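Reader: I would like to go through this model one point at a time. Please keep the answers short and show the reasoning.

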Amino acid sequence: MAPRVHILAHDASTKKGIGFTKISLVSIGNNVFIGASSTVLPNVTIGDNVVIGVGSIISKDIPSNSVAVGNPAKVICSYAEFVNKKENELNRSPHYDSKYTLRNPNFNDEMKREMIRDL
């Protein structure tokens, strides 16, 4: 889970009107990534192999092997399509090894300029 993800297992909106707070389970499968600032509402199941996009509101079940985004979150593609697309993007982009990090004492301004130019 990315930062600022909220998982709600209750709905207190009913407390004032009827004197009770609804409590429901939330189920999250295996190999699930939930993007930053997303909210999972009560009584939702997220299947296995799922990616939830940044800022999504998950108000209904999300099936396994899918990618969902938005408010409310909707499935936009399969998990396999997402992985394939990201692999293709990665293969077309520049790659840098560990010498291009601040941990390398020889990392210099020319290397920084090279990365900025390439990216």
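Author: The questions below go from the whole chain to single residues of this predicted model.

Reader: How many helices and strands does the protein chain have?

Author: Read along the sequence, the pattern is β-β-α-β-β-β-β-β-β-β-β-β-α-α. The count for the protein chain is 3 helices and 11 strands.

Reader: What is the radius of gyration of the protein chain, set against a compact globule of 119 residues?

Author: The C-alpha atoms fill a box of roughly 65 × 30 × 20 Å along the principal axes. A compact globule of 119 residues would have a radius of gyration near 14 Å. For the protein chain the value is 20 Å.

Reader: What percentage of the 119 residues in the protein chain is buried?

Author: A residue counts as buried when its relative accessible area is under 20%. The accessible surface of the protein chain comes to about 8200 Å², and carbon and sulfur atoms hold 55% of that surface. By the cut-off, the buried share of the residues is 24%.

Reader: Which strands each supply at least two residues of the largest nonpolar core?

Author: The largest nonpolar core has 11 residues, among them V44, I46, V50 and I52. The strands that each supply at least two of its residues are β7 (44-46) and β8 (50-52).

Reader: Why might such residues be found together?

Author: In soluble globular proteins, nonpolar side chains tend to be buried together. In this chain, V5, I34, V40, I58, I62, A68 and A73 are also among the residues of the largest nonpolar core.

Reader: Which residues does I58 touch, leaving out those up to four places away in sequence?

Author: I58 is itself one of the residues of the largest nonpolar core. A contact here means heavy atoms within 4.5 Å. On that basis I58 touches S38, T39, V40, L41, V44, I46, I52 and A73.

Reader: Is S56 buried or exposed?

Author: S56 is found in the loop between β8 and β9 (57-58). Leaving out residues up to four places away in sequence, S56 touches S37, S38, T39, A68, V69, G70 and A73. Its relative accessible area is 0%, and buried means under 20%. S56 is therefore buried.

Reader: Which two residues are joined by a cis peptide bond?

Author: The place of P72 is in the loop between β10 (66-70) and β11 (73-78). The bond in question has omega of about 0 degrees. The residues it joins are N71 and P72.

Reader: Is R4 buried or exposed?

Author: R4 is found in the segment before β1 (6-7). Phi of R4 is near 65 degrees, a positive value in a residue other than glycine. Its relative accessibility is 55%, and exposed means over 50%. R4 therefore counts as exposed.

Reader: What is phi of S37?

Author: S37 lies in the loop between β5 (32-34) and β6 (39-40). With a relative accessible area of 34%, S37 is partly exposed. Phi of S37 is a positive value in a residue other than glycine, near 60 degrees.

Reader: How far apart in space are E81 and V67, C-alpha to C-alpha?

Author: E81 lies in helix α2 (residues 79-92) and counts as partly exposed at 47% relative accessibility. In sequence, E81 and V67 are 14 residues apart. In space, C-alpha to C-alpha, the distance is 9.0 Å.

Note on methods. Residues are numbered from 1 along each chain as its sequence is written. This is a predicted model: local features need pLDDT of at least 70, side-chain atom pairs count only at pLDDT 80 or more; totals for chains, interfaces and linings use all residues. Side-chain values use heavy atoms; hydrogens and water are left out. Helices (H or I, at least four residues) and strands (E, at least two) are DSSP runs, numbered from the N terminus. The radius of gyration is taken over C-alpha atoms; the globule rule is 2.2 Å times the number of residues to the power 0.38. Buried means under 20% relative accessible area, exposed over 50%, partly exposed in between (1.4 Å probe, protein chains only). Accessible areas come from the Shrake-Rupley method with a 1.4 Å probe; for residues, only the protein chains shown count as cover. A nonpolar core is a set of buried Ala, Val, Leu, Ile, Met, Phe, Trp, Tyr and Cys residues joined through side-chain atoms within 4.5 Å.
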